[in-house]
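Please look over the model and its sequence below. The report that follows takes up single residues, then salt bridges, the surface and the fold.

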Amino acid sequence: MLYIANSHGKGRGVYTDNRIERDTVIEKCPVLEIPHEEVELLELTMLNNYYFAWGKDQKRAALALGLGSIYNHSYTPNAIYRPRENEQIIEFVAIRKILANEEITINYNGSPNDQSPLWGADEIPWLK
């Protein structure tokens, strides 16, 4: 149902070849949890743009396996992500109907309505 394709101006993105209804769980991705003291090291690598803030205090990191770290950002997303810390997964859920061959996007700020500027937006033009 899911596949990776080029997303204009964004590199790779996650797409669906089937229609997905609202409230459907799109993917449950296991995560690799990264302790707080190692997050600074991540920031020195290309993984800096692929991990999620993790834990109640958001000081740890989680690298989503599966397609979880490939979903692109949008301020008008069609999906959300839900960290499930106790289960060590991130769940991606449709917040509206997603059509076949449409890119699945999330708001990197967490809330679909959060219009705050993203970290690194100056370095990555499509994040603006």
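I80 is in contact with E91, F92, V93, I95, I106 and P112, leaving aside its neighbours within four places in sequence. This is a predicted model. I80 lies in strand β7. Its relative accessibility is 17%, so I80 counts as buried, the cut-off being under 20%. N18 is 62 residues from I80 in sequence. In space, the two C-alpha atoms are 18 Å apart.

**Two further buried residues**

N107 sits in the segment after β9, the strand of residues 103–106. Is N107 buried or exposed? At 2% relative accessibility, N107 is buried. Its side chain reaches two backbone oxygens. One belongs to D114, at 2.7 Å. The other is that of S111, which lies 3.1 Å from a polar atom of the N107 side chain. Beyond its neighbours within four places in sequence, N107 is in contact with H73, S74, Y75, P77, A79, Y81, P112 and D114. P112 is thus listed as a contact of N107, and P112 is also listed for I80.

S7 is found in strand β1, which covers residues 2–7. S7 has a relative accessible area of 5% and is buried. Its contacts, again leaving aside neighbours within four places in sequence, are R12, G13, Y15, N72 and E103.

**Salt bridges**

How many salt bridges does the model have? The count comes to seven. Among them are these three pairs:

| Pair | N to O distance |
|---|---|
| E91 and K28 | 3.9 Å |
| E85 and R60 | 2.3 Å |
| R96 and E102 | 2.5 Å |

Take E91 and K28, whose side chains meet in a salt bridge. E91 lies in strand β8 (residues 89–94) and K28 in strand β3 (residues 25–34), so the pair ties together parts that are 63 residues apart in sequence. The two partners differ in cover: E91 is buried at 6% relative accessibility, whereas K28 is exposed at 52%. E91 is also one of the contacts of I80.

E85 pairs with R60, with the closest N and O atoms 2.3 Å apart. This salt bridge links distant parts of the chain, 25 residues apart. E85 lies in the loop between β7 (79–84) and β8. R60 lies in strand β5, residues 60–64. E85 is partly exposed, at 30% relative accessibility. R60 is partly exposed as well, with a relative accessible area of 24%.

The third pair in the table joins the side chains of R96 and E102. R96 is partly exposed, with a relative accessible area of 34%. Which residues do salt bridges with shared partners join into one network? They are K28, R82, R84 and E91.

**A nonpolar surface patch**

M46, L47 and Y50 make a nonpolar surface patch of about 290 Å². M46 is placed in the loop between α1 (36–42) and β4 (51–54). M46 has 64% relative accessibility and counts as exposed, because the cut-off for that class is over 50%.

**The chain as a whole**

The chain has one helix and nine strands. From the N terminus, the elements run β-β-β-α-β-β-β-β-β-β. The radius of gyration is 14 Å, close to the 14 Å that the globule rule gives for 128 residues, so the chain is as compact as a globular protein of that length. Its C-alpha trace spans about 40 × 35 × 25 Å along the principal axes.

What share of the 128 residues is buried? Buried residues make up 41%. I80, N107, S7 and E91 are among the buried residues. The accessible surface comes to about 7500 Å². Carbon and sulfur atoms hold 50% of that surface.

Contacts between residues with a separation of 6 or more can be sorted by distance along the chain. Residues 24 or more positions apart account for 65% of these contacts. The salt bridge between E91 and K28 bridges such a span, with its parts 63 residues apart in sequence. The salt bridge between E85 and R60 spans 25 residues.

Note on methods
Residues are numbered from 1 along each chain as its sequence is written. This is a predicted model: local features need pLDDT of at least 70, side-chain atom pairs count only at pLDDT 80 or more; totals for chains, interfaces and linings use all residues. Side-chain values use heavy atoms; hydrogens and water are left out. Helices (H or I, at least four residues) and strands (E, at least two) are DSSP runs, numbered from the N terminus. Buried means under 20% relative accessible area, exposed over 50%, partly exposed in between (1.4 Å probe, protein chains only). A polar contact is a pair of N or O atoms within 3.5 Å; within protein, one must be able to donate a hydrogen and the other to accept it, and residues adjacent in sequence count only if both atoms are side-chain atoms. Contact means heavy atoms within 4.5 Å. Patches are made of residues with over 30% relative accessible area and no salt bridge: like charges are joined within 9 Å, nonpolar side chains (Val, Leu, Ile, Met, Phe, Trp, Tyr) within 5 Å. Accessible areas come from the Shrake-Rupley method with a 1.4 Å probe; for residues, only the protein chains shown count as cover. A salt bridge is a side-chain nitrogen of Lys or Arg within 4 Å of a carboxyl oxygen of Asp or Glu. The radius of gyration is taken over C-alpha atoms; the globule rule is 2.2 Å times the number of residues to the power 0.38.
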